[in-house]
Amino acid sequence: MNRALLAALENIYPADRLLTRDVELLPYESDALTAFSAKPGAVVLPVDEAEIIYTVRLCHEMAVPFVARGSGTSLSGGSLPIPEGLTIGLNRLNRIKKIDPQQRIAVVEPGVINLHITEAAQPYGLYYAPDPSSQSICTIGGNIAFNSGGAHCLKYGMTSNHVLGMKVVLADGAVTQFGSESIEGVGVGPDLVGLFVGSEGLFGIALEITVRLMPQPELYRTVLAAYDDLGRAGDAVSMVVASGLLPGAMEIMDRLAIKAAEASVNAGYPDAEALLIVELEGEAPQVNAEFEQLRRIIDASGAFESRVAKSEAERTRIWKGRKGAFSAVGRLSPDYIVQDGVVPRSRLGEALLEINALKAKYSLDVANVFHAGDGNLHPLILYDGREDGALEKAEALAGEILALCVNLGGSITGEHGIGMEKRDYLPAMFSEEEIDIMQALRLAIDPKEIANRGKMFPGGEAPALARQGMHPLERAGVISRE
Amino acid sequence: MTISAPATVDELQTLIRDSERIHVIGKGSKTALHGNVNGAATVGLSEISGIIEYQPAEYTVTVRAGTAVHDLSAALDDEGQYLPFDPLLPAAATIGGVVAANLSGSRRFRYGGVRDFILGAEVVDGAGRAFRVGGKVVKNSAGFDLSKFLVGSLGRYAIMTELTFKVFPDVPRFRSLAFHYEQLEDALSAIYFINQSPYELDALDLVPPPLMNRGKKDGCWKLLARLAGFDETLPQRVERFSAAMTGETAPIQVKPLEDSASLWDPLAGLAGACLVKVALSPKQVPRFDEMVSRSPRRYGVGGNIVWLETEDIKQLDAALKSCELTGLCLRGVVESAVIGAPLENVLAARVKQVLDPQNKLV
Ligand SMILES: Cc1cc2nc3c(=O)[nH]c(=O)nc-3n(C[C@H](O)[C@H](O)[C@H](O)COP(=O)(O)OP(=O)(O)OC[C@H]3O[C@@H](n4cnc5c(N)ncnc54)[C@H](O)[C@@H]3O)c2cc1C
């Protein structure tokens, strides 16, 4: 670690917020892509934005790479430390500075936990809409880096659609503000909020964020339909879309995922090849009318069983199985990789067939749980990291799935980001020139390439393969993968 | 002004490479944007038009940037779908112009603005490079999201040639109502009430009292609300909503209105020579409104946008600056289309340096 930087950091950080000893660094060596780890040179834990700005400026001056870290739940290695670099832990910037229910906005620090915003807004009948499964633990800063989504993003969009303004420090130490408290932003001029969201920590660090809150829907109607064929569940989604309904969520689970969820949270799911969850939300009279239409569609879709949640408790139970499905699958296997490809919705069936074929080719198990409404697949590839070459085999299969998504006209990531994990697949989606332009943009903002070096762009030094198994928080049952 | 109208992306690239300065227009419907461009070559995109791919089942449409909004909306309407950001000036504008100037209409209130529905774009930048930004599926988080950056970029960073949007199914029926209030504060309180209620409005605009009637009997603020949904549920919803509004916000009058496109065209009553759009937050309305109380104006999208006419652009510029707001002139003869608080930003400057290093695009 750069000595001069450490000395300068010691000037402002007390010893309990400047971590350098091996045992202190251990919890920061990985994120939720647990197959990889790297030792940071040091970790600092700032408590206010002035400390962050000071730290970034020092890194820039001394050309030391840094990575911002929220809760370290990235599934793509986005918050993996840079060897000998600085990790800037943001969990202590966790204040909700303002809730303005009249204008439906909240102003928060970057280390605020996603769900805490909803909890603070609840007394006013409002909530923060993007709902990653990790929402009880992940931070708004991390959500911004990846434009995170969740099961309920079909109607109101992902993180980017809910951020109105922010203050950031760019990688070279410049501090600037974008957007405003208006839902129309500044109204004119390029949308800088839109550009910063999804930049994976490569542009700098978000210091303060203004988010939009939504009124809690008056009514949810949730239906669970069981099919003896995965393709039929996919067709049902197309039928719903064709009918002109716009549900809040449409999710599918396949047999392996159902089995695992059943074993772990006892959701009471029927024994089926595929389950479809459709949820309508909104004003009661409208939702009730839409629901009649939805029932007719489900009845005509060949479901052998369908259940309607009759109470909030039943609704919660339906979602519990879905939201916990992936850690449940994880319990069936020592290790797993979650993929995040997107395909055009109408090609879901094709994609699933192909994945089945790949499964056989690699003789690995793959469970599927996905955001069917927006074609966002989350195949979960099971492997045993103790077996020689197993991770490599799982990664090769993951790579084929990504290629498949691109070939079908989709994307290699819908919400988890490129990070470290998928950086070599970026060229599958963008031409050399396009990548050059993105790289030039990065260099214009960060000439020394210090912000999250080694992520997103192909090449770069790879951190060591290391640990196996679930994220410690997952093992403890605090979070689950989606 | 001579306008070159390239028919292909290749031709556009050549034009950019061969010109010192380029100013791009759609069809030129927003005249104020095309006033003072210092003798730059003007490029019109109306030849680069047409729908490339529309898949109703995917909720996506890809279209050339010079396509008339009117044509695009008609094609979507045939399938029962629409652009939820509600592009403005549908009769005259191109879709690229709507994105470049960031012009959403009143229905933006329900689901979001241009930024919320743009998924990707093909562009030619100031260096003449043609490339793609963003994606073509409804969800994608690969690479920097330069497609959102283009929203409001006024053609100064790259010229859009193709755009992909997310679209939604449209609702079958509408009902509109007006709630009258004596004071602006009362009308704003009603907006705050709606903001925290579960009533899902399709649009919510606020119309100030007619200028000649200020202080007189008819001098009230009209809050226009629109509900959308199924025919069979609308009467009940309208009734519930009116009852809640009457109980909680004490309007002096509640009036059902004939629903029509012109009722929800925020520019319909604004015929003056110089037309300006300003984004603001509802809580900035009282102070700003005092400064522009003599201008015909309408607040759109729950008090988040104001459309106004002005005779005195200098005075408006000063008023905007004092409120730290920025305005965009759409119509009129002005020195600069952007007025009020300047747009300069270090991140935007860095992007400019990469996409248009020779500062060709003005
Ligand atoms: C069990 C589980 C379930 C999940 N479910 C979902 C899901 O449903 N949907 C979904 O989208 N994702 C999901 N994820 C992925 C992950 O939770 C999200 O990517 C989340 O946004 C990461 O937040 P974090 O605070 O943990 O960020 P970290 O992992 O700490 O950091 C992620 C990235 O953000 C950057 N970053 C952090 N803070 C800032 C800041 N202030 N400014 C700029 N950059 C910053 C980091 O540098 C890093 O690149 C899941 C993960 C797990 C482990």
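In this predicted model, the centres of domain 1 and domain 2 of chain A, taken over C-alpha atoms, are separated by 33 Å. The exercises below start from that pair of domains.

**Exercise 1. Describe how domain 1 and domain 2 of chain A meet, from their bounds to the area they bury.**

Solution. Begin with the bounds: domain 1 of chain A is made up of two stretches, 1–216 and 417–482, while domain 2 covers 219–327. Next, take the contact itself, in which 16 residues of domain 1 of chain A touch 15 residues of domain 2 of chain A. Finally, turn to the area, since about 1,300 Å² is buried between these two domains, and carbon and sulfur atoms give 51% of it.

**Exercise 2. Work out how helix α12 and helix α13 of chain A are oriented to each other, and which classes of residue make their contact.**

Solution. Two packed helices are described by the angle between their axes and the distance between the axes. For α12 (residues 348–362) and α13 (residues 390–407) of chain A, the angle is about 155 degrees and the axes lie 11 Å apart. Because angles over 145 degrees count as roughly antiparallel, α12(A) is roughly antiparallel to α13(A). The crossing of α12(A) past α13(A) is right-handed. On the α12(A) side the contact is made by A:Ala351, A:Glu354, A:Ile355, A:Leu358, A:Lys361 and A:Tyr362, and on the α13(A) side by A:Lys393, A:Ala396, A:Leu397, A:Glu400, A:Ile401 and A:Leu404. Sorted by class, the residues of this contact are eight nonpolar and four charged, with no polar residue.

**Exercise 3. Give the separation, contact and buried area of domain 2 and domain 3 of chain B, then analyse the packing of helices α7 and α8 of that chain.**

Solution. The domain assignment of chain B places domain 1 at 3–169, domain 2 at 173–257 and domain 3 at 274–340. The centres of domain 2 and domain 3 of chain B, taken over C-alpha atoms, are 23 Å apart, and 14 residues of domain 2 are in contact with 16 residues of domain 3. Between these two domains of chain B about 1,100 Å² is buried, of which 62% comes from carbon and sulfur atoms.

For the helices, note that the axes of α7 (residues 184–195) and α8 (residues 234–249) of chain B come within 10 Å and cross at roughly 125 degrees. That angle makes α7(B) oblique to α8(B), and their crossing is right-handed. B:Ala190, B:Phe193 and B:Ile194 of α7(B) meet B:Phe241, B:Ala244, B:Met245, B:Glu248 and B:Thr249 of α8(B), a set that holds six nonpolar, one polar and one charged residues.

**Exercise 4. Characterise the interface of chain A with chain B, and then a helix pair formed across the two chains.**

Solution. Start with the whole interface, to which chain A contributes 91 residues and chain B 76 residues. The area buried between the chains is about 7,000 Å², with carbon and sulfur atoms giving 57%. Of the area that chain A buries against chain B, A:Glu184, A:Val188 and A:Glu283 supply 11%, more than any other three residues.

Then take helix α15 (residues 432–445) of chain A and helix α11 (residues 346–355) of chain B, which pack at about 135 degrees with their axes 9 Å apart, so that α15(A) is oblique to α11(B). The helix α15(A) passes α11(B) in a right-handed crossing. Among the contact residues are A:Ile437 and A:Leu441 of α15(A) and B:Leu347, B:Arg350 and B:Gln353 of α11(B). By class, the residues of the contact of α15(A) with α11(B) are nine nonpolar, one polar and one charged.

Technical notes:
Residues are numbered from 1 along each chain as its sequence is written. Chains are lettered from A and ligands numbered from 1 in the order in which they are written. This is a predicted model: local features need pLDDT of at least 70, side-chain atom pairs count only at pLDDT 80 or more; totals for chains, interfaces and linings use all residues. Side-chain values use heavy atoms; hydrogens and water are left out. Axes are lines fitted to C-alpha atoms, for helices over the stretch in contact, and angles run from 0 to 180 degrees between N-to-C directions. Helices (H or I, at least four residues) and strands (E, at least two) are DSSP runs, numbered from the N terminus. Angles under 35 degrees count as roughly parallel, over 145 as roughly antiparallel, 65 to 115 as roughly perpendicular and the rest as oblique. A crossing is left-handed if the near helix is turned anticlockwise from the far one by less than a right angle, and right-handed if clockwise. Contact means heavy atoms within 4.5 Å. Ala, Val, Leu, Ile, Met, Phe, Trp, Tyr, Cys and Pro count as nonpolar, Asp, Glu, Lys and Arg as charged, and the others, Gly among them, as polar. Domain bounds come from an automatic or database domain assignment. Buried area is the accessible area (1.4 Å probe) that two parts lose on being put together, summed over both.
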